[in-house]
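Welcome, and thanks for taking a look at this one with me. Below are a few numbered points to keep beside you as you explore.

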Amino acid sequence: MIRIPFVKAHACGNDFLILEETQARGKHAALARKLCSRNTGIGADGIEFLQRKPNNEFFLRLFNADGSEAELSGNGTRCVAAWLAASEGLHDVALGTHGGIRTCHLIRRDGTDYWIESNMGVPRVMPRTIEIPSVKGPIPGAMVNMGNPHFVLFPDAEDFSSQGLTWQQLGAKIAVDKLFPHGTNVEFVRILAPDCITFRIYERGCGPTTSSGTGTCAASTAAIALHNAARELSAIAEGGTQQVVWLTNSSEMLLTGPAEIICSGEVDFA
């Protein structure tokens with residue numbers, strides 16, 4: 001039995017545990033499954049393992065609640081940036097991930113809320129209509145790479161349902177279809193105005209989530225590329241609103257949103 005210090009934070013309800021990499025002892029997946037459990041653990045969508053490298057460099061490994069490892073999380077990265085601002089006074093930080101380096105800048109602090117602008121890299125988008133054997137009809141949308149994979153579609157229904165299925169049902173099918181060998185995140189987007197979208201997220205390795213940083217960026221990218229949305233827009237998820245700026249197709253996307261430190265503590269793990 002070992003005792004592990006942890007921090008819990010969330011970004012628009014998308015919650016993460018932050019653990020030092022030195023505490024993992026090679027048990028990243030087991031820790032994620034145990035500690036992220038809503039009923040028998042602390043509860044979270046995933047764990048960000050923070051590795052401190054020489055020359056004050058940082059690297060993050062993200063493990064989803066089901067124990068699978070993902071390339072990165074935009075919201076998780078922002079939560080770590082908020083924690084480093086709170087604990088070490090770092091207002092500008094570069095965080096390495098398997099999806100590339102993400103730089104974060106603290107805009108302002110309001111109590112336990114930290115408003116952070118993150119550089120999210122250059123999106124790559126490809127319009128694509130997919131077909132899934134267990135789903136009726138073709139599904140038009142776009143594949144978007146934000147350092148991790150996304151498929152974005154644009155349902156007409158106000159409840160985001162499509163193909164005769166709820167967005168949760170359809171998201172679960174798309175996320176694990178053989179078209180995506182490593183799985184994919186899925187966003188269901190409705191355009192409210194040229195500079196405003198609303199969307200729902202089915203996250204690979206986690207399921208429905210209230211928010212997603214890379215999902216916000218992917219949804220915005222597809223809206224801009226496929227539906228001529230404004231290059232500066234508000235993206236509204238169930239957990240809250242984030243701001244996106246993508247000046248040109250070759251520009252890096254900027255994402256601004258809140259992160260809140262919820263608590264810190266220790267947990268026993270066998």
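1. A good place to start is Glu71, which sits in the loop between β5 (69–70) and α2. Please keep in mind throughout that this is a predicted model. With a relative accessibility of 22%, Glu71 counts as partly exposed, because the buried class takes in values under 20%.

2. Which residues does Glu71 touch, leaving aside those up to four places away in sequence? They are Thr97, His98, Gly99, Gly147, Asn148, Pro149 and Arg204. With Arg204 there is also a polar contact, in which the two side chains come to 2.6 Å. Phe199, for its part, is 128 residues from Glu71 in sequence, and their C-alpha atoms are 22 Å apart in space.

3. Ser73 belongs to the loop between β5 and α2 as well. Is Ser73 buried or exposed? Its relative accessibility is 7%, so Ser73 counts as buried. Not counting residues up to four places away in sequence, Ser73 touches Phe16, Glu48, Leu62 and Thr214.

4. Now look at how the side chain of Ser73 meets the start of α2. A side-chain oxygen of Ser73 comes to within 3.4 Å of the backbone nitrogen of Asn75. The Ser73 side chain also reaches the backbone nitrogen of Gly76, at 2.8 Å.

5. The helix itself, α2, runs over residues 74–88 and has 15 residues. From first C-alpha to last it reaches 21 Å, close to the 21 Å expected at 1.5 Å a residue. Just beyond the helix comes Gly89, with a positive phi near 70°.

6. Why is α2 described as largely enclosed by the rest of the structure? The reason is that 11 of its 15 residues are buried. Among them are Gly74, Asn75 and Gly76 at the beginning of the list, and Leu84 and Ala85 at its end. Arg78 and Cys79 are buried too.

7. Finally, please visit the largest pocket, whose volume is about 170 Å³. Its lining is made up of 15 residues, and those nearest the centre are Met143, Val144, Asn145, Pro149 and His150. Pro149 is a residue you have met already, since it appears among the contacts of Glu71.

8. Three strands, β9 (124–130), β10 (139–145) and β11 (149–153), each supply at least two residues of that lining. Sorted by class, the pocket lining has seven nonpolar, five polar and three charged residues.

Technical notes. Residues are numbered from 1 along each chain as its sequence is written. This is a predicted model: local features need pLDDT of at least 70, side-chain atom pairs count only at pLDDT 80 or more; totals for chains, interfaces and linings use all residues. Side-chain values use heavy atoms; hydrogens and water are left out. Helices (H or I, at least four residues) and strands (E, at least two) are DSSP runs, numbered from the N terminus. The expected span of a helix is 1.5 Å times one less than its number of residues. Buried means under 20% relative accessible area, exposed over 50%, partly exposed in between (1.4 Å probe, protein chains only). A polar contact is a pair of N or O atoms within 3.5 Å; within protein, one must be able to donate a hydrogen and the other to accept it, and residues adjacent in sequence count only if both atoms are side-chain atoms. On a 1 Å grid over the protein atoms alone, a cavity is a set of points where a 1.4 Å probe fits but cannot get out, and a pocket is an open set with protein on both sides within 12 Å along at least five of seven lines; lining residues have an atom within 4 Å of a point. Grid points are joined across faces, edges and corners, and a volume is the space filled by probe spheres set on the points. Ala, Val, Leu, Ile, Met, Phe, Trp, Tyr, Cys and Pro count as nonpolar, Asp, Glu, Lys and Arg as charged, and the others, Gly among them, as polar. Contact means heavy atoms within 4.5 Å.
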